[in-house]
Amino acid sequence: MTEKRSDYHKRQKKSLVDKVKSAFTDNDATEEVNVNPDFQRDDSERRRPLEGDGQEFYQAQQPIDKEKMREEKSLKLKKRLNSAILIVFALIILVLLALFHL
């Protein structure tokens, strides 16, 4: 059962003297928190560091041809540039129509 908000606030509310006193004590007595087991971290699934600098792992995962990647990027940029040019021309035409029609 979870605690009520009022109980939590009563527990958290301390007097000024208690706050100052607790700041200078070395007591690391932490309260036991009721945590749902579904949200607890499983230690068996912890990440382990890679051996060496890990470059073998990343290179094996994604074999990349730099020339192919450069071509894909240039094609993507060309498409974006063409669409931007078309949008600018359409806006210029709209402005001219608004100027001369009104």
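**View 1. Leu 96, a partly exposed residue in a predicted model**. Let's start with Leu 96, which has a relative accessible area of 41%. Why does Leu 96 count as partly exposed? Because partly exposed covers the range between under 20%, which is buried, and over 50%, which is exposed, and 41% for Leu 96 falls in that range. You'll find Leu 96 in helix 4.

**View 2. A nonpolar patch on the surface**. Leu 96 has company here: the patch also takes in Leu 81, Ile 85, Val 88, Phe 89, Ile 92, Val 95, Leu 99 and Phe 100. Together, these residues and Leu 96 offer about 910 Å² of accessible area. While you look at the numbering, keep this in mind: an α-helix has 3.6 residues a turn, so residues three or four places apart point the same way.

**View 3. A negative patch with Glu 72**. Now for some charge: Asp 65, Glu 67, Glu 71 and Glu 72 make up a negative patch on the surface. Glu 72 sits in helix 4, which runs over residues 66-101. Is Glu 72 buried or partly exposed? Partly exposed, at 47% relative accessibility.

**View 4. Helix 4 from end to end**. This helix is 36 residues long and spans 52 Å from first C-alpha to last, close to the 52 Å expected. How many of its residues are buried? The number is zero, so helix 4 lies largely in the open.

**View 5. The whole chain**. Stepping back, you can count four helices and zero strands, in the order α-α-α-α from the N terminus. Just 1% of the 102 residues count as buried. The accessible surface comes to about 11300 Å², and 58% of that belongs to carbon and sulfur atoms.

Conventions. Residues numbered from 1 in each chain as written. Predicted model: local features only at pLDDT ≥ 70, side-chain atom pairs only at ≥ 80, totals over all residues. Heavy atoms only, no water. Helix = DSSP H or I, 4+ residues; strand = E, 2+ residues; numbered from the N terminus. Buried < 20%, exposed > 50% of the residue type's maximum accessible area, 1.4 Å probe, protein only. Areas by Shrake-Rupley, 256 points an atom, 1.4 Å probe, with all protein chains shown as cover. Patch = residues over 30% accessible without salt bridge, like charges linked within 9 Å, V, L, I, M, F, W, Y side chains within 5 Å. Salt bridge = Lys/Arg side-chain N within 4 Å of Asp/Glu carboxyl O. Lys, Arg positive; Asp, Glu negative; His and termini not counted. Charge placed at Lys NZ, Arg CZ, Asp CG, Glu CD. Expected span 1.5 Å × (residues − 1).
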